[in-house]
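Reader: Could you take me through one part of this protein up close, the sheet and whatever packs on it? Plain talk is fine, and I'd like one connected walk rather than a list.

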Amino acid sequence: MFPSHSRPAKPTITIVVPARNEARNLELVLPTLPTVHEVIVVDGHSTDDTAAVVRRTLPSARFIQQTRRGKGNALACGFEAATGDVIVMFDADGSADSTEIEAYVTSLTSGADFAKGSRVLAAGGSEDITWLRDFGNRVLTGVTNVLFRTSYTDLCYGYNAFWRDILPVLSIPSSRGDQAAWGDGFEIETLINCRVASGGLQIHEVPSIELERIHGESNLNTFRDGARVLRTIFTERARRGTARQAVPSADVITAHPETSHSTTSHTTTSHTTTSHPTPVQHAPVQHARPAMVSIQQRESA
């Protein structure tokens with residue numbers, strides 16, 4: 001069972017924020033982040049005033065440049081620079097609700113190695129996804145579940161958190177060098193999900209509400225990036241195989257959210273635990289933090 005050492009009951013938290021020309025969004029998003037060990041903004045060679053905005057709105061944040069192009073490389077740079085016990089993957093466009101970070105961390109301190117956000121679980125939802133992206137996501141999620149014998153509900157959602165000590169299992173492409181590497185693009189999230197599943201790690205899904213992007217347009221291309229995700233699924237299946245073992249999820253905290261934006265109901269069983277993360281302080285936001293639910297990998301053949 002991973003890991004071989006004990007983890008802190010009150011972990012330090014690193015929030016990694018990849019950003020490319022997101023200055024107008026960052027000036028609204030960064031002030032909402034909770035007070036944590038560190039915030040790392042990874043800049044994708046922006047041509048706007050991203051650097052100045054970060055210095056003005058969150059002077060304590062670490063600002064670094066990614067070494068190549070793509071969201072995957074940006075995350076790799078942030079992961080390598082992180083010093084917190086827990087790493088939170090947080091988008092810069094305003095689509096992620098910072099008040100949910102506490103639920104992700106609680107999931108980890110309750111026994112998970114990896115906390116996976118889901119817009120599909122009850123109390124989750126999306127204010128931004130199109131019908132085409134939603135359809136593609138459900139197909140790709142189903143393919144992954146068949147090939148890896150998992151029970152993911154929302155494969156293509158990038159709001160996740162994990163213990164930093166599982167990075168060797170994830171084996172993210174190194175940020176060193178200027179040659180493009182597989183995993184540098186949007187496929188990074190699928191690559192991580194596949195390697196978590198095949199690595200015998202404990203996975204919890206956390207209901208999450210995806211908010212609408214505040215300014216600008218997404219860099220995501222539905223067909224191009226969908227094809228990259230599908231290629232990643234088959235590549236990882238050939239490379240690693242199915243999950244090593246079926247690991248039941250640990251107990252999690254059950255809450256009753258004040259608001260629900262559920263798109264599809266998903267039945268799970270949750271239990272109460274006494275484990276709590278380090279308290280974090282948040283700026284006011286519009287949405288209540290959703291309840292936390294767990295998933296379980298299916299029995300291996």
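Author: Start with strands β1 and β2: residues 13–19 and residues 38–43 run parallel to each other, joined by six bridges. If you want a spot to click on, V16 sits opposite I40 of β2. Keep in mind that this is a predicted model, so treat everything below as read off computed coordinates.

Now zoom out to the sheet. Seven strands make up an open sheet, in the order β3-β2-β1-β4-β7-β5-β8, and the pairing is mixed. Its edges are β3 (62–65) and β8, each of which has a pairing partner on one side only. On average, neighbouring strands are turned by 20 degrees against each other, with direction ignored. For scale, the protein has eight helices and nine strands.

Let's walk over to the β8 edge. Strand β5 (residues 114–118) is joined to β8 by five bridges, and the two run parallel. One pair to look at is S118, whose bridge partner in β8 is P207. Being an edge strand doesn't leave β8 bare: five of its five residues, 203–207, are buried. I203, E205 and P207 point one way from the strand, H204 and V206 point the other way, and all are buried.

So what lies against this part of the sheet? Helix α7 packs on the sheet and touches β4 (86–89), β5 and β8. The direction of α7 makes about 130 degrees with that of β5. This helix covers residues 188–198, and because 11 of the 11 are buried, α7 is largely enclosed by the rest of the structure. You can go along it and check: I188, E189, T190, L191, I192, N193, C194, R195, V196, A197 and S198 are buried. That list takes in E189 and R195 along with I188 and L191. After the helix comes G200, with a positive phi near 70 degrees.

While you're on α7, pause at C194. Its relative accessibility is 1%, so C194 counts as buried, the cut-off being under 20%. You may be wondering about a disulfide there. The structure holds zero disulfides. C194 is in none; the nearest cysteine sulfur, that of C156, is 9.9 Å away. Seen from the other end, the closest cysteine sulfur to that of C156 is the one in C194, and 9.9 Å is too far for a bond, because a disulfide needs the sulfurs within 2.5 Å. C156 has a relative accessible area of 26%, so C156 is partly exposed.

Another helix worth a glance is α3, residues 71–81, which is mostly covered, with 10 of its 11 residues buried. The buried ones include K71, N73, L75, C77 and F79. C77 is another cysteine to look at, and it too is buried.

To put the close-up back in context, 52% of the 301 residues of the protein count as buried. Among contacts between residues at least 6 apart in sequence, 82% join residues at least 24 apart. The protein exposes about 13,000 Å², and carbon and sulfur atoms supply 52% of that area.

How values were computed. Residues are numbered from 1 along each chain as its sequence is written. This is a predicted model: local features need pLDDT of at least 70, side-chain atom pairs count only at pLDDT 80 or more; totals for chains, interfaces and linings use all residues. Side-chain values use heavy atoms; hydrogens and water are left out. Buried means under 20% relative accessible area, exposed over 50%, partly exposed in between (1.4 Å probe, protein chains only). Helices (H or I, at least four residues) and strands (E, at least two) are DSSP runs, numbered from the N terminus. Two strands pair if DSSP finds at least two bridges between them. Axes are lines fitted to C-alpha atoms, for helices over the stretch in contact, and angles run from 0 to 180 degrees between N-to-C directions. Contact means heavy atoms within 4.5 Å. Accessible areas come from the Shrake-Rupley method with a 1.4 Å probe; for residues, only the protein chains shown count as cover.
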